[in-house]
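Me: Please take a close look at the way the strands are arranged into sheets, and then place that part in its wider setting. I would be grateful for one connected explanation, with each term explained where it comes up.

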Amino acid sequence: MRGLTKRFDRLAVDALDLTVDAGEFYALVGPNGAGKTTTLRMVAGLLEPDAGSVSIFGVDALADPVAAKQVMAWVSDEPMIYDKLTPLEYLEFVAGLWGIEPKVSQVSAHELLASLGLGPHMNERCEGFSKGMRQKVALAGALVHDPRLIILDEPLTGLDAVSARHVKGLLGERVRAGCAVIMTTHILEVAERMADRIGVISSGRLVAEGTLTELRQQNGHTDTSLEDLFIALVDVKAEAA
Amino acid sequence: MSSATWFARHELRLAWREWLAMMTGGRRKRTRVAVIGLIVFAALMHLPAWAVIGRFADLHAPLDKGSAIVLTSTIFLAFALMLSQAIESVTRVFYARADLDLIMSSPAKLANVFSIRIAAIALSVSGMALVLSTPFVDVLVLEGGARWFAAFGVVVAVGLAAAALAIAVTIALFRLIGPARTRLIAQILAAIIGAGFVIALQIAAILSYGTLSRFAVLTSDAAAAYAPEACSVVWWPARAALGDVGTLLLLLAASLVMLGVVMTIFAPRFADTAASASAHAVASRQGRGARAFRKGSRQQALRRKEFLLLARDPWLMSQTLMQLLYLVPPALFLWRSFSDSSTALALITPVIVMAAGQLAGGLAWLTISGEDAADLVATAPLSPTSVIRAKIEVVLITIAGVFTPLVAALAILNPPQAAVTACGVLIGATSATAIQLWFRVQAKRSQFRRRQTSSRLATFAEAFTSIGWAATAALTLAMPKVAIVSGAMTVAILAATWKLSPRRA
């Protein structure tokens, strides 16, 4: 994305430049209201930017949104599922929307649900599911069409430790297979452990970016945690503001 | 302040805010406009009230049997409507109020707390009935004297009794069929009770007198012959409404005792029932077994999903049942007309057209606005136009499925009328769908009850265009030249609605 800008009552995203490569796990961190979700919603085509451009694997996402959407998946912190459908019916619907061959998507759906621990529940309606289970169904929906770019907004919210590990494992596999992942998270430990690169966003601007080592070097520390770095970066920004 | 008083204040505040949100569409800035609108609406309502009830203002005790039957039936109709609303309110308390966990985990005495909640339901049902009955009672007071003020007392008594019965019925349903089925059955029951009395009278009128007028039954000799004697308790509400203070006090006392008994018996069980309902909310239901994924286009996938969700929607089931209930009298009329051709057959067309418009409006909201996974559909590789087209197709296919058998039956009897009815159904359904499209707002399907509060304009436009197309269809059969005027007026309403819609802006 280049020069991505969005204004609501105030400037939410301020001329943001960001590149994520294929096979890279990118974590976007920042305080509440920093512009993380707005940025990701613009990339996913859910929000129209006021200025700037988004290119997804060479496709101009603003000029040809349908082609861009074909290769990406979006998972929000609020699971987007239907209470009256079963997980299997939900995945059939998602695969149908993305035009995936039923023979392929059926196998993939069963594998995904099993790997997320939803095998015994795949024929139960989602209305009685806990938030964590719903989040896993939504995640399976995002992966069933084998996207090349996965955009996740706080995907681990509501997941227990075992489920969170399953999800992290699945995402890791996708990254190793060449998929690009952009994820926002408040859990800095996850970003620290999983991300190849981390971007720190504050007041709509990218205030720091790089691997954990690079971030430490940029701030003159060698052995601090991401949490300490994050607080230092955000505090400096807040004081400057 | 005792916990009971505190909770009563809390309930009153919640009820007031809910009512205010319903009136203002959730926008606080609109409060003054809503109040002015309500006053104007109430003033205007006196005109139809005068037309409907003005002629009864001179009634005095003792009543002749015909008048007593009509008055008592009207009060019974009000009771049925209040009972329907009360059942709906009670199920909402069990299933939809987000504060039950908080209340039940608090150290407050639950029997007291739930007694207040029962009283709040009774108050809200009676309060709404008082508001709605005011124009009618005003007309009676202005035309027939102050004695008609007693009618307000009757409304309160009937409201309290309806609330008491609704609570007893709903909790009995919980015990009999369990929380899993009670929600759906109670919704269907509420719909049937609300419409059932009028429809039953219409059916009786058609079968006995060949007319759709329910007054034909109420004022008939047969009804008078079966009616009890003048001293019967059955006539108490009518006598009380006419100003018999002694009877009114007895009626109020009886309904208060009824509510008190319900509170005493059911308030301690309210907590268990509510707990069962919330436990049901987290229990999963088994869907159909695994089967092969189906082939098809992206639009087909979207349509399949919409059909599946509509088929599994309890609200839709109860509403469709209600629409079908309203269609029973005209269908019976149609059946009778096979052997007895009548010009009154034309009455069927507007009823069918109106029902199609109303059902299409509800379906269109559910498919277009009530999208639980709006982000998912928005991030799918489909153009927004394809998505909307697929959803509109679902609405029109469903409408066709419901109304084709009726139009086909009509075609055997009167092909030109069937053609006009089919056109009316199509145009009425398309108009209602278009209005929902112009005023669409992203919402959860479970928020269906609130759809009418999101835009008053859309609600009124939908109702007026349905009525307009129904009138146009009827006039096309009877007075085609006048139908052109009626059709033009309906198109004008539609055009004005489009002009004012947020989608255009």
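Reply: In chain A, three strands build an open sheet in the order E2-E1-E4, and their pairing is antiparallel. Its edge strands are E2 (11-16) and E4 (51-53) of chain A, each of which pairs on one side only. On average, neighbouring strands of this sheet are turned by 25° against each other, direction ignored. The model is a predicted one, in which local features need pLDDT of at least 70 and side-chain atom pairs count only at pLDDT 80 or more, whereas totals for chains, interfaces and linings use all residues. Residues are numbered from 1 along each chain as its sequence is written, while chains are lettered from A and ligands numbered from 1 in the order in which they are written.

Some terms are needed here. Strands (E, at least two residues) and helices (H or I, at least four residues) are DSSP runs, numbered from the N terminus. Two strands pair if DSSP finds at least two bridges between them. Angles lie between N-to-C directions and run from 0 to 180 degrees, with axes being lines fitted to C-alpha atoms, for helices over the stretch in contact. Strands of a sheet pair through backbone hydrogen bonds, either parallel or antiparallel. Within the sheet just described, strand E1 (residues 2-7) of chain A is joined to E2(A) by three bridges in the antiparallel sense. One position shows this pairing: Leu4(A) has Leu16(A) in E2(A) as its bridge partner.

Chain A also has an open sheet of six strands, ordered E7-E8-E9-E3-E10-E11, and here the pairing is mixed. Strands E7 (72-75) and E11 (205-210) of chain A stand at the edges with a single partner strand each, so one side of each is left without a neighbour in the sheet. From one strand to the next, the twist averages 15°.

At one edge, E7(A) pairs with strand E8 (residues 149-153) of chain A in the parallel sense, over four bridges. Val75(A) has Leu152(A) in E8(A) as its bridge partner. Across E7 and E8 of chain A lies helix H5 (residues 131-143) of chain A, which runs at about 170° to E7(A).

Towards the other edge, which strand is mostly covered? This is strand E10 (residues 197-202) of chain A, in which six of six residues are buried. A residue is buried if 20 or more other C-beta atoms, placed from the backbone, lie within 10 Å of its own; it is exposed if 12 or fewer do, and partly exposed in between. Both faces of E10(A) are covered: Arg197(A), Gly199(A) and Ile201(A) are buried on one side, and Ile198(A), Val200(A) and Ser202(A) on the other.

E10(A) takes part in pairings of both senses. With strand E3 (residues 25-29) of chain A, E10(A) pairs in the parallel sense over four bridges, and Leu28(A) stands opposite Gly199(A) of E10(A). With E11(A), by contrast, E10(A) runs antiparallel, and five bridges join the two. Ile198(A) has Gly210(A) in E11(A) as its bridge partner. E10(A) and E11(A) form a hairpin with two residues between them, and Ser203(A) in its turn has a positive phi of about 50°.

The wider setting begins with the domains, whose bounds come from an automatic or database domain assignment. This assignment gives chain A domain 1 (2-71 + 147-240) and domain 2 (81-146). The centres of these two domains of chain A, taken over C-alpha atoms, are separated by 25 Å. Residues are in contact if their C-beta atoms, placed from the backbone, lie within 7 Å. By this rule, 11 residues of domain 1 of chain A are in contact with 13 residues of domain 2 of chain A. Helix H6 (residues 161-176) of chain A supplies four residues, the largest share of the domain 1 side.

Chain A also touches chain B, in a contact that takes 36 residues from chain A and 30 residues from chain B. On the chain A side, helices H2 (65-70), H3 (87-97) and H4 (102-115) of chain A each supply at least two residues, and H3(A) gives the most, with eight. As for the partner chain, the secondary structure of chain B comes to 19 helices and zero strands. Of the 505 residues in chain B, 39% are buried.

How values were computed:
Contact = placed C-beta atoms within 7 Å.
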